[in-house]
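Trainee: Got a minute to go through the pockets and the ligand site with me? I'd like to work through it by asking and answering.

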Amino acid sequence: MTDTELFPQLVIPETLAAGPGPGNTDARVLAAFAQAGIADHMQADVLRGMIECKHMLRKVWGTKNTYTFGVAGTGWSGLDALFSAILPGDTVVCFVNGTFSGIDALTVRTRAATREDLKANSLDPKPASATVIQVPHGQSVTADIIETALAEHKPTWATMAHWETGSGRINDIRGFSDACVKHNVMGLVDAVSSLGIEDFAIDDFPGVVGWASCPQKGVLCLPLTYAPVSFTDRYIAHLRENGCYSYVHNPIFEARHWGIVDGKDTAAGSYHRTHSGYAVAAFHEALRINLQHGRAQKAADYAHHEAALRSAVQALGCEVTSNMTSLVVLNLPGALAGREKELVASARAKGFGIWPTLSEPVQVRIGILNQLSEAAITEIVTRFANEMNAMGANVDVGKALKALETHYAAAIAAE
Ligand SMILES: *Cc1c(COP(=O)(O)O)cnc(C)c1O
């Protein structure tokens, strides 16, 4: 690029976002974002919007936790705030069964690391006080695994992903909470992929003292808006007593802009950082959509459409190894084995945004975030079958569509 040249305006195409996330942003959320007026972060309606978001978020999470709000940024921003209370030398057990719980454990290890631990391995510290329990890709973290590890180590903290998006596996959140209560451990949960998809209320899991999610998966907001977080009074008391090495991601400071001070709601927030009226408007609309849809109905709709997609890809000869309801993780039929990345790359080049797994073994991931209609699932299945055939699989697209028809007809008959 020479000094006088200017790049043409950036144009980003519309794609079919059929991966683990971000999902297809709802048109109402985009409109709310684009139609927000220019207003600063202390303007009265922006502050009122944040207070309303806080109240809606408590409903979406199913909680009375006062410290429930959004952390500006992505899922990792919320998780960074969640793990902020872990201090060097703290004892912690991390359950890892895929890419995302693996990065959670990396975050936790950097927090638990002493200065010497960081110096010894700055990008991948291994503090003696942090234990990582590795569960193989494709398997869930079970109550037995959790109970055994917490009984042995009796740590201050334990961490787990509720739904591990890397392999599409649901982990035992009941077992995690129960074991945390039994061994007096403070549980921290990455609920990035489950919030807004599964029908659960966090107050039913008293062993978990902190939760973090993300804007752009089940919550259906734009990426880089707000990552929902929620903390119990026990977490906040521990944080107040011990402190943490962050200003921006200290949940006590962060909560002030959402009108939460000293454990109580206040009439309006006070400055923590420059929030965006656009982001607040988008987040507000996304939460309204979630509440209008209803937690139980939304969960049932995901289960229904995931079962349809699952039966169709099985009819194409694929083997499904996931059990999440927003995502299908599969092995291609034998003839295409080893060519997963090639198939995904070819699909993505055509604007069909499916994904490979990021940890081994390589599998294909197809997601249905905000694709809850027979028409949307049919398009996903058709495009996927076409990609398989472009690679010479010679599968019968009609058979997959028939499986979809049967699934949807049975649902109508049952009504
Ligand atoms: C997507 C995801 C993350 C990371 O979220 P970002 O928005 O990319 O920061 C973390 N944990 C889980 C379980 C996820 O699915």
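Trainee: How many residues line the largest pocket, and which of them lie nearest its centre?

Mentor: Keep in mind that this is a predicted model. The lining of the largest pocket comes to 14 residues. Nearest its centre you'll find Glu14, Thr15, Ala17, Gly23 and Thr25.

Trainee: And how does the lining of the largest pocket divide by residue class?

Mentor: That pocket has a volume of about 370 Å³. Its lining splits into eight nonpolar, five polar and one charged.

Trainee: Which pocket does the ligand take up?

Mentor: Start with volumes: the largest pocket has about 370 Å³, and the second largest has about 310 Å³. The space the ligand takes is the second largest pocket.

Trainee: OK, so which residues lie nearest the centre of that second largest pocket?

Mentor: Its lining has 22 residues, and these divide into twelve nonpolar, six polar and four charged. Nearest the centre are Trp76, Phe100, Val192, Gln216 and Lys217.

Trainee: Which element gives the most to the lining of the second largest pocket?

Mentor: Two elements each supply at least two residues here: helix 3 and strand 6 (163-164). With three residues, the top contributor to this lining is helix 3. The shell around the ligand also gets three residues from residues 75-82, and the element giving the most there is again helix 3.

Trainee: Now the shell itself: how do the residues around the ligand divide?

Mentor: Among the residues around the ligand are Thr74, Gly75, Trp76, Leu79, Phe100 and Trp163. Others in that shell include Asp190, Val192, Ser193 and Gln216. By class, the shell comes out as five nonpolar, five polar and two charged.

Trainee: What distance separates an oxygen atom of the ligand from a polar side-chain atom of Thr165?

Mentor: Let's go through the polar contacts one at a time. A polar backbone atom of Trp76 lies 2.9 Å from a ligand oxygen. In the side chain of Lys217, an N or O atom is 2.6 Å from an oxygen of the ligand. For the polar side-chain atom of Thr165, the distance to a ligand oxygen is 2.4 Å.

Trainee: With those contacts in place, how much of the ligand's accessible area does the protein cover?

Mentor: Take the ligand on its own, where it has 380 Å² of accessible area. Of that area, the share covered by the protein is 90%.

Definitions and conventions. Residues are numbered from 1 along each chain as its sequence is written. This is a predicted model: local features need pLDDT of at least 70, side-chain atom pairs count only at pLDDT 80 or more; totals for chains, interfaces and linings use all residues. Side-chain values use heavy atoms; hydrogens and water are left out. A residue is near a molecule or strand if one of its heavy atoms lies within 4 Å of it. A polar contact is a pair of N or O atoms within 3.5 Å; within protein, one must be able to donate a hydrogen and the other to accept it, and residues adjacent in sequence count only if both atoms are side-chain atoms. Accessible areas come from the Shrake-Rupley method with a 1.4 Å probe; for residues, only the protein chains shown count as cover. On a 1 Å grid over the protein atoms alone, a cavity is a set of points where a 1.4 Å probe fits but cannot get out, and a pocket is an open set with protein on both sides within 12 Å along at least five of seven lines; lining residues have an atom within 4 Å of a point. A molecule sits in a cavity or pocket if more than half of its atoms lie within 2 Å of its grid points. Helices (H or I, at least four residues) and strands (E, at least two) are DSSP runs, numbered from the N terminus. Ala, Val, Leu, Ile, Met, Phe, Trp, Tyr, Cys and Pro count as nonpolar, Asp, Glu, Lys and Arg as charged, and the others, Gly among them, as polar. Grid points are joined across faces, edges and corners, and a volume is the space filled by probe spheres set on the points.
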